[in-house]
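The following exercises ask the reader to derive features of a protein fold from its coordinates. Each task is followed by a solution in steps.

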Amino acid sequence: MNPADDPSARVESGEEGEEIQTDPFPHGADMPPEEFRLQGHEVVDWIAEYFRAVEDTPVLAQVQPGEIREGIPARAPERGEPMGEILQGFRTSIMPGITHWNHPGFLAYFGISGSGPGVLGEMLSAALNVNAMLWRTSPAATELEEVVAGWVRDLLGLPETMFGIIQDTASNSSLVALAAARHRAYPQVRKAGLFGLPPGRIYASEEAHSSIEKAGIALGLGQEGVRRIPVDGAFRLDVGALESALQEDRSQGIRPVALVATLGTTSTTSCDPVEAMARIASETGTWLHVDAAYGGAGAVLPELQSYFRGWEAADSVVFNPHKWLFTPVDCSLLFTRHRQLLQDTFSLVPEYLRTEEADRTTQLMDYGLALGRRFRALKLWFVLRYFGSEGIRRRIRHHIALANHFARRLEEAPRWRVMAPVPFSTVVFRFVPAGLEEVELDRLNQAILDGVNARGRIFLSHTSLEGRLCLRVAVGNLRTHAGTLENCWTDLQEVALGLLGEWD
Ligand SMILES: *Cc1c(COP(=O)(O)O)cnc(C)c1O
């Protein structure tokens with residue numbers, strides 16, 4: 001039983017029986033502050049030790065499907081349990097099923113870090129538990145969000161005319177941005193729905209993220225309302241193909257709703273020709289949305305500006321600090337130059353949410369679907385202050401250097417091939433020994449992936465390029481260092497050569 005529900009504890013603190021009946025929780029019904037202090041210290045100590053020693057654990061959880069569920073009672077406890085036992089249960093029942101995104105060898109998908117300052121900010125925002133739906137429901141949460149959105153906008157070199165707002169994920173940021181684009185293309189839809197209107201389309205490359213197609217589903221444009229444009233040899237949207245698609249669709253009465261440029265695609269981190277796309281968007285009066293969920297972090301570096309040239313003309317841009325800006329999940333920034341339009345798309349204010357200061361202050365609920373909003377700006381503020389712009393640039397630059405060094409090593413080694421340019425910190429590659437058919441190469445590379453991941457110190461993921469299975473190394477974790485990539489290389493070589501021996 002936990003102390004808050006322990007009747008003897010109340011007797012000891014000298015309460016009368018009668019009082020207990022009228023007010024069973026005279027000191028509040030939550031965990032007592034002294035207990036919180038004690039357990040809180042335990043938790044912080046545990047986190048610090050976890051961060052220190054995470055490299056000693058296998059990066060992938062070593063459990064079978066269902067194993068974690070079986071270790072947890074199917075029913076919630078009737079009586080409260082002591083916090084010490086709950087934390088013990090966390091260590092023994094939950095931790096074995098954790099995949100360690102904090103492990104330096106986590107090179108799959110996009111490696112990320114919550115970072116110390118980010119975790120501390122997250123703890124405080126959990127403690128404050130404010131809901132920043134209105135300015136009034138927590139002025140600091142609203143105003144800090146406005147300020148840090150401006151900080152990040154400036155750090156990325158986006159124009160000052162852009163308004164920024166924090167959403168949970170890039171998927172939802174893109175949904176919100178594309179909803180505004182649809183509102184511009186079909187103003188009557190907000191009231192009357194899409195029924196009976198001529199069809200509209202969003203244009204994105206074949207390499208664009210699935211969230212764009214999901215937005216098409218959610219916005220009533222359908223999957224066919226997202227036209228996939230072919231890519232060139234470097235996996236960038238083919239501008240000529242985009243122009244022909246727009247022309248063809250227009251001749252059939254299909255209305256363009258938005259162009260989506262991806263800066264840092266999920267497979268290869270390729271960057272679409274955003275400057276040319278901005279020109280087409282402007283000529284056709286179409287909304288330009290830029291998905292820079294991961295790649296946007298590269299914009300902090302002057303030497304990478306060529307990839308971003310033209311994105312300042314976008315109508316909306318999404319960038320995820322929870323991907324490559326050391327902020328705990330979740331935190332996605334949506335920037336738009338059409339603040340009023342975004343508000344017109346979503347704002348719906350019932351009487352009980354009206355405030356007299358509404359015309360002088362920002363009501364964050366007006367810029368998306370959710371009413372309730374977490375205080376995500378706090379952790380981002382901590383991260384930006386703790387590392388500073390200069391510290392962020394050095395870390396991003398270091399990740400890019402690690403990835404490029406790894407790519408050079410693959411290029412110099414016999415039988416390995418880098419399959420896509422490396423603009424940022426992600427390398428896509430393949431083992432290609434001579435004399436094997438494509439299907440055999442796919443199976444071999446899958447076996448290498450499984451073999452490396454089974455060793456426990458490196459976690460890689462895969463992708464498919466032109467139908468070929470490729471391996472990916474993505475550096476984005478603050479704990480990843482040169483030695484990690486040495487280990488990765490050793491594991492790849494040993495597993496690949498071992499398999500090749502068996503293959504013959
Ligand atoms: C990761 C990613 C997304 C999705 O991000 P979420 O925040 O998980 O929704 C969207 N676009 C690109 C290019 C991505 O890399």
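**Exercise 1. Covering and pairing of strand S11**

Determine how many of the residues of S11 are buried, and establish how S11 is paired with S9 and with S10.

Solution. The model is a predicted one.
Step 1. Taking buried to mean under 20% relative accessible area, six of the seven residues of S11 are buried, and the strand is mostly covered.
Step 2. S9 (residues 426-431) pairs with S11 (residues 468-474) in the antiparallel sense, over four bridges. Within this pairing, Val427 has Val473 as its bridge partner, and Thr426 stands opposite Ala474.
Step 3. S10 is joined to S11 by five bridges, and the two strands run antiparallel. Here Ser461 stands opposite Arg472 of S11.
Step 4. S10 and S11 form a hairpin with two residues between the strands, in which Glu466 takes a positive phi near 50°.

**Exercise 2. The sheet that contains S11**

State the strand order of the four-stranded sheet, identify its edge strands, and locate the helix that packs on the sheet.

Solution.
Step 1. The order is S8-S9-S11-S10; the sheet is open and its pairing is antiparallel.
Step 2. S8 (416-418) and S10 (461-465) each have a single partner strand, so they stand at the edges and one side of each lacks a neighbour in the sheet.
Step 3. Ignoring direction, neighbouring strands of this sheet are turned by 40° against each other on average.
Step 4. Helix H16 (residues 377-412) packs on the sheet and touches S8, S9 and S11; its direction makes about 20° with that of S9.

**Exercise 3. Helix H17: span and buried face**

Compare the expected span of H17 with the distance between its end C-alpha atoms, then decide how its buried residues are arranged around the axis.

Solution.
Step 1. H17 (residues 438-455) has 18 residues, and at 1.5 Å a residue it should span 26 Å. The end C-alpha atoms are 26 Å apart, which agrees with the expected value.
Step 2. The buried residues are Leu441, Leu444, Asn445, Ile448, Leu449, Val452 and Asn453.
Step 3. Viewed down the helix axis, the buried residues of H17 fall within an arc of 165°, so they line one face. The relevant principle is that an α-helix has 3.6 residues a turn, so residues three or four places apart point the same way.
Step 4. Val439, Arg443 and Ala454 are exposed on the other side of H17.
Step 5. Just after the helix, Gly456 takes a positive phi of about 100°.

**Exercise 4. Strand S4 within the seven-stranded sheet**

Give the strand order of the seven-stranded sheet, and describe the pairing of S4 with S2 and with S5.

Solution.
Step 1. The strands of this open sheet follow the order S1-S7-S6-S5-S4-S2-S3, and the pairing is mixed. S1 (163-167) and S3 (226-229) stand at the edges with a single partner strand each, so one side of each is left without a neighbour in the sheet. From one strand to the next, the twist averages 20°.
Step 2. S2 (residues 200-205) and S4 run parallel and are joined by four bridges; the partner of Ile202 in S4 is Ala258.
Step 3. S4 and S5 (residues 287-291) also pair in the parallel sense, over five bridges. Ala258 has Trp287 as its partner in S5, while Val260 has His289.
Step 4. S4, helix H12 (residues 274-284) and S5 make a right-handed β-α-β unit.
Step 5. Seven of the eight residues of S4 (residues 255-262) are buried, so the strand is largely enclosed by the rest of the structure.
Step 6. Helix H11 (residues 239-251) lies across S2, S3 and S4, and runs at about 145° to S3. Helix H7 (residues 139-156) lies across S1, S6 (316-319) and S7 (332-336), at about 80° to S7.

**Exercise 5. The surroundings of Ala261**

Is Ala261 buried or exposed, and with which residues is it in contact beyond its neighbours within four places in sequence?

Solution.
Step 1. Ala261 lies in strand S4.
Step 2. The relative accessible area of Ala261 is 0%. The cut-off for buried is under 20%, so Ala261 is buried.
Step 3. Apart from neighbours within four places in sequence, Ala261 is in contact with Asp272, Val274, Met277, Leu288, His289, Val290 and Asp291.
Step 4. Ala261 and Phe326 are 65 residues apart in sequence, and their C-alpha atoms are 24 Å apart in space.

Terms used. Residues are numbered from 1 along each chain as its sequence is written. This is a predicted model: local features need pLDDT of at least 70, side-chain atom pairs count only at pLDDT 80 or more; totals for chains, interfaces and linings use all residues. Side-chain values use heavy atoms; hydrogens and water are left out. Two strands pair if DSSP finds at least two bridges between them. Axes are lines fitted to C-alpha atoms, for helices over the stretch in contact, and angles run from 0 to 180 degrees between N-to-C directions. Contact means heavy atoms within 4.5 Å. The expected span of a helix is 1.5 Å times one less than its number of residues. Buried means under 20% relative accessible area, exposed over 50%, partly exposed in between (1.4 Å probe, protein chains only). The arc is that of the directions from the helix axis to the C-beta atoms. A crossover is right-handed if, with the strands pointing away from the viewer, the path from the first strand over the helix to the second runs clockwise.
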